[in-house]
Amino acid sequence: MSTVKTQAPFRADHVGSFLRPERLKNARLQKQNGDISAEQLRSIEDEEITKLVEKQKEVGLQGVTDGEFRRGWWHYDFLAGLDGVELFDTESGIQFNGVETSAHGIRIIGKIDFTNHPMIDDYKFLHSVAGDHLAKFTIPSPNMLFFREESDLSPYTTEEELFDDLIAAYKKAIQAFYDAGCRYLQLDDTSWSLFFSEESQQLIKARGHETEALAQLFARGINESIADKPEDLVITMHICRGNFKSTYVGTGGYENASETIFGGLNVDGLFLEFDDERSGGFEPLRHVKRDDLQLVLGLITSKFGELENPENVKARIKEASEYVGLDQICLSPQCGFASTEEGNLLTEEQQWDKIRHVVQIAEDVWK
C-alpha cells in the first residue's frame, strides 16, 4: 500500500474550494460596481487560479481545483446556469448556526436542460493549467436543485417528472465535462443531512414527504445521472452538513440514511464529514458493500486554523478501518475552505497548513 495513488480520489485529497485572495474579492466588487469589465475580471480570475493551482502542487496534492474562484456560491452558480433555472433575491438568507447567508435563492422558470453552460469553459481553463496533475471539478448534486428550489413545481406536475429532466440535464453535463477533458468530477450534496437528525426529519415530513421515499428519490437522482458515465471518469460525492463562515446547519450521524448512502449509491468515492461529534461515529460504514468504493474521511476541519493532533487522526483512521479496508480509505478536510466567497474564519496560511497536515498524515499512514 502506498501514499501515491494513480487514480482519484487520492490518499491526501481535498473537497475543492479555497479562500478567495483579497485581490480577487476586490476585483469582484469592482465588477459589481461597474469599475471593471467582465473580461478584466476574468483575466484576474485566470491569474489567481493559476497561482492557486501551483500552490496546490507545491504542498503535495495530486488533484487540483480552481478553488471555485469564479463562483459566489458552491451550488447556485452552477444550477442557475442550467436552462429553466434562475438566481433571484430572496427576503432572507439561509440560517446557519448563529449566522445567516446573503439573501439569494434559485427557482425553476421553465423546462430544465443543459445546453451552453459557462462552467465548461471554466473547466477548460483549469485543465490548461493543471499540467501533469489531475484537474478536479466540483458541481452540486442534482438533488440540490430539488432541495433548494423555492417555487412550485411548475411547469412540472410531479417531482418524478422534474427529476426526469434534471437527470437528463446532468447526463449531458457529465458528458460535456468529459469531452472538455475532465476525468475527476465531484457532486456536492447537503441534501442527505436532512435524514441525519430527528429535527431535520421533521422538515421532510413538513414538506409532505416520507423519509424513505425521499432517500430513494435522491439516490435515483445520483445513480441515473451517472449511469452512462465513461469508464475512465471518476465521480465522487461530497456530503456536508453546511459550511458558511465556519458555521453549520445540520447535525447527526449517517445512520438514518447509511444503507442508502453506503450501500445504494454508484459513485466511485464519498467525501465524508467526520471532523467533530456532530458527524457521529464510523459504525454506519458497516453498510459499505463494495471493495472499490473509496471513502475520503474528512477528519481535518476546514472551519478553524488550529491543527489536529496527528496521532488522534491516525487513531480515527485505524478505527474506521475496522469497518472497511485501509486501502479503501483516504484523508481530506471535511469540507472546502470557502463554500461561499466569504470564506471560513481562518487565514490563507492556516488553510495551507491544514492541507500540508493532510498530506503529512497520509504519508505516515500509507507508507
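**Exercise 1. Find P9 and describe the peptide bond before this residue.**

Start with the position: P9 sits in the segment that precedes α1 (22-32). Keep in mind as you work that this is a predicted model. Next, turn to the bond that joins A8 and P9: this peptide bond is cis. Its omega is about -10°.

**Exercise 2. Get an overview of the chain: how many helices and strands are there, and what percentage of the residues count as buried?**

Begin with the secondary structure, which comprises 11 helices and 10 strands. Then look at burial: the chain has 367 residues, and 57% of them count as buried. Finally, consider the contacts between residues at least 6 apart in sequence; 79% of these join residues at least 24 apart.

**Exercise 3. Work out which residues of α1 are buried and what they pack against.**

Step one is to list the buried residues of α1, which are L24, A27 and R28. Step two is to ask how they are arranged around the helix. They span an arc of only 100° around the axis, so they lie on the same side of α1. A general rule helps here: an α-helix has 3.6 residues a turn, so residues three or four places apart point the same way. Step three is the partner: the buried residues of α1 pack against α2 (38-58). To finish, move just past the end of α1, where G34 has a positive phi of about 80°.

**Exercise 4. Describe how α2 packs with α4.**

First take the geometry. The axes of α2 and helix α4 (residues 119-130) are 10 Å apart, and the helices pack at an angle of about 45°. Angles that are neither roughly parallel, roughly antiparallel nor roughly perpendicular count as oblique, so α2 is oblique to α4. The crossing of α2 with α4 is right-handed.

Now collect the residues. From α2 come R42, D46, I49, T50, V53, E54 and K57, and they meet D121, D122, F125, L126, V129 and A130 of α4. Sorted by class, this contact of α2 with α4 has six nonpolar, one polar and six charged residues.

**Exercise 5. Locate E68 and say what its phi angle is and whether the residue is buried or exposed.**

Begin with the place: E68 is in the loop between β1 (63-64) and α3 (76-79). Then check the backbone, where E68 has a positive phi of about 60° although it is not a glycine. Last comes accessibility. The relative accessible area of E68 is 3%, and buried means under 20%, so E68 is buried.

**Exercise 6. Repeat the packing analysis for α6 and α8.**

The axes of helix α6 (residues 159-179) and helix α8 (residues 211-226) come within 8 Å and cross at roughly 30°. Angles under 35 degrees count as roughly parallel, and therefore α6 is roughly parallel to α8. The handedness of this crossing of α6 and α8 is right-handed.

On the α6 side, the contact is made by E159, E160, F163, D164, I167, Y170, K171 and I174, while α8 brings L217, F218, R220, G221, E224, S225 and I226. Counted by class, the contact of α6 with α8 has seven nonpolar, two polar and six charged residues.

**Exercise 7. Follow L293 and G298: where does each one lie, and what is found around L293?**

Take L293 first. This residue lies in the loop between β8 (269-273) and β9. Its relative accessibility is 1%, so L293 counts as buried. Leaving aside residues up to four places away in sequence, L293 touches F262, V267, D268, G269, L270, V288 and Q328. The C-alpha atoms of L293 and G263 are 9.7 Å apart, with their positions 30 residues apart along the chain.

Then go to G298, which lies in strand β9 (residues 294-300). With 0% relative accessibility, G298 counts as buried. A separation of 4.7 Å lies between the C-alpha atoms of G298 and P333, which are 35 residues apart along the chain.

**Exercise 8. Identify the buried side of α10 and its packing partners.**

In helix α10 (residues 310-320), the buried residues are V313, I317 and A320. Their arc around the axis is only 60°, which means they are on the same side of α10. Finally, name the partners: the buried residues of α10 pack against β9, β10 (329-333) and α11 (348-365).

Terms used:
Residues numbered from 1 in each chain as written. Predicted model: local features only at pLDDT ≥ 70, side-chain atom pairs only at ≥ 80, totals over all residues. Heavy atoms only, no water. Axes fitted to C-alpha atoms, helices over the stretch in contact; angles between N-to-C directions. Helix = DSSP H or I, 4+ residues; strand = E, 2+ residues; numbered from the N terminus. Parallel < 35°, antiparallel > 145°, perpendicular 65-115°, else oblique. Left-handed = near helix turned anticlockwise from the far one by under 90°. Contact = heavy atoms within 4.5 Å. Nonpolar A, V, L, I, M, F, W, Y, C, P; charged D, E, K, R; others polar. Buried < 20%, exposed > 50% of the residue type's maximum accessible area, 1.4 Å probe, protein only. Arc of directions from axis to C-beta.
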